[in-house]
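Visitor: Hey, can you walk me through this one? I'm new to this, so plain words please.

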Amino acid sequence: YGKGGPPPSPPDGTTRKRGQSGRCARSHAQSRGLQTRTRIPNEPKSSKMDVMMEEDIEKRMEVCDVCGSFLVVNDLQIRVDAHVSGRQHRGYATLRQKLRELRTERDKIREDRRRQWEKERSEERF
């Protein structure tokens with residue numbers, strides 16, 4: 001990426017939307033277009049990594065529902081297992097589980113408060 005860090009994302013978020021809708025190749029191509037515009041002049045135009053990345057664009061990809069990582073569709077089971085047991089995926093899974101628990105607890109508290117309010121209101125009427 002050069003000394004300035006990664007290139008900026010498009011302001012309208014099209015790259016992310018395309019990735020989430022399964023159009024990862026187009027999203028990746030757009031991202032690569034941004035990278036080529038921000039290259040350092042002395043940096044070589046293409047490298048072995050660029051060729052490998054272009055080959056990867058041809059693969060159909062999907063977004064992981066838990067952590068948002070790109071996964072190759074119909075990939076080897078060992079790679080899928082490695083992803084699922086990875087720290088990022090497990091961390092997001094833990095956060096999502098805790099969020100579900102907190103929301104359930106919040107909903108229960110709200111329901112208890114609503115019942116209490118209705119009970120107090122009905123007692124005030126009589």
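**A quick tour of the chain**

Guide: Sure! First off, this is a predicted model. The mean pLDDT of the chain is 79, and 53% of its residues reach 70 or more.

Visitor: Which helix has the lowest mean pLDDT, and which the highest?

Guide: Among the elements of the chain, helix α1 (residues 14-20) has the lowest mean pLDDT, at 63. The highest, 95, belongs to helix α5, residues 87-125.

Visitor: OK, and how many helices and strands are there?

Guide: There are 5 helices and 2 strands. Starting at the N terminus, the order is α-α-α-β-β-α-α.

Visitor: How much of the chain is buried?

Guide: Buried residues account for 16% of the 126 residues. The accessible surface is about 10,800 Å², and carbon and sulfur atoms make up 52% of that.

Visitor: What about contacts between residues 24 or more positions apart?

Guide: Those give 40% of the chain's contacts with a separation of 6 or more.

Visitor: Switching topic: how many disulfides are there?

Guide: The count is 0.

Visitor: Why is there no bond between cysteine 64 and cysteine 67?

Guide: Because their sulfurs are too far apart: the sulfur of cysteine 67 is the closest cysteine sulfur to that of cysteine 64, yet the gap is 3.7 Å. A disulfide needs the two sulfur atoms within 2.5 Å.

Visitor: Are those two cysteines buried or exposed?

Guide: Cysteine 64 is buried, with a relative accessible area of 9%. Cysteine 67 is buried too, with a relative accessible area of 9%. The cut-off for buried is under 20%.

Visitor: What does histidine 89 touch?

Guide: Leaving out residues up to four places away in sequence, histidine 89 touches Cys64, Val66, Cys67, His83 and Val84. So both cysteines we just talked about, Cys64 and Cys67, are on the list of what histidine 89 touches.

Visitor: Where does histidine 89 sit, and is it buried or exposed?

Guide: Histidine 89 is in helix α5, and it counts as buried, at 10% relative accessibility.

Visitor: What joins the side chains of histidine 89 and histidine 83?

Guide: A polar contact of 3.1 Å.

Visitor: Last one: what's up with the phi of asparagine 74?

Guide: Asparagine 74 isn't a glycine, but its phi is positive, about 60 degrees.

Visitor: Where is asparagine 74, and is it buried or exposed?

Guide: Asparagine 74 lies in the loop between β2 (70-72) and α4 (77-84). Asparagine 74 is exposed, with a relative accessible area of 78%.

How values were computed
Residues numbered from 1 in each chain as written. Predicted model: local features only at pLDDT ≥ 70, side-chain atom pairs only at ≥ 80, totals over all residues. Heavy atoms only, no water. Buried < 20%, exposed > 50% of the residue type's maximum accessible area, 1.4 Å probe, protein only. pLDDT = per-residue confidence, 0-100. Helix = DSSP H or I, 4+ residues; strand = E, 2+ residues; numbered from the N terminus. Contact = heavy atoms within 4.5 Å. Areas by Shrake-Rupley, 256 points an atom, 1.4 Å probe, with all protein chains shown as cover. Polar contact = N/O pair within 3.5 Å; in protein donor to acceptor, adjacent residues only side chain to side chain.
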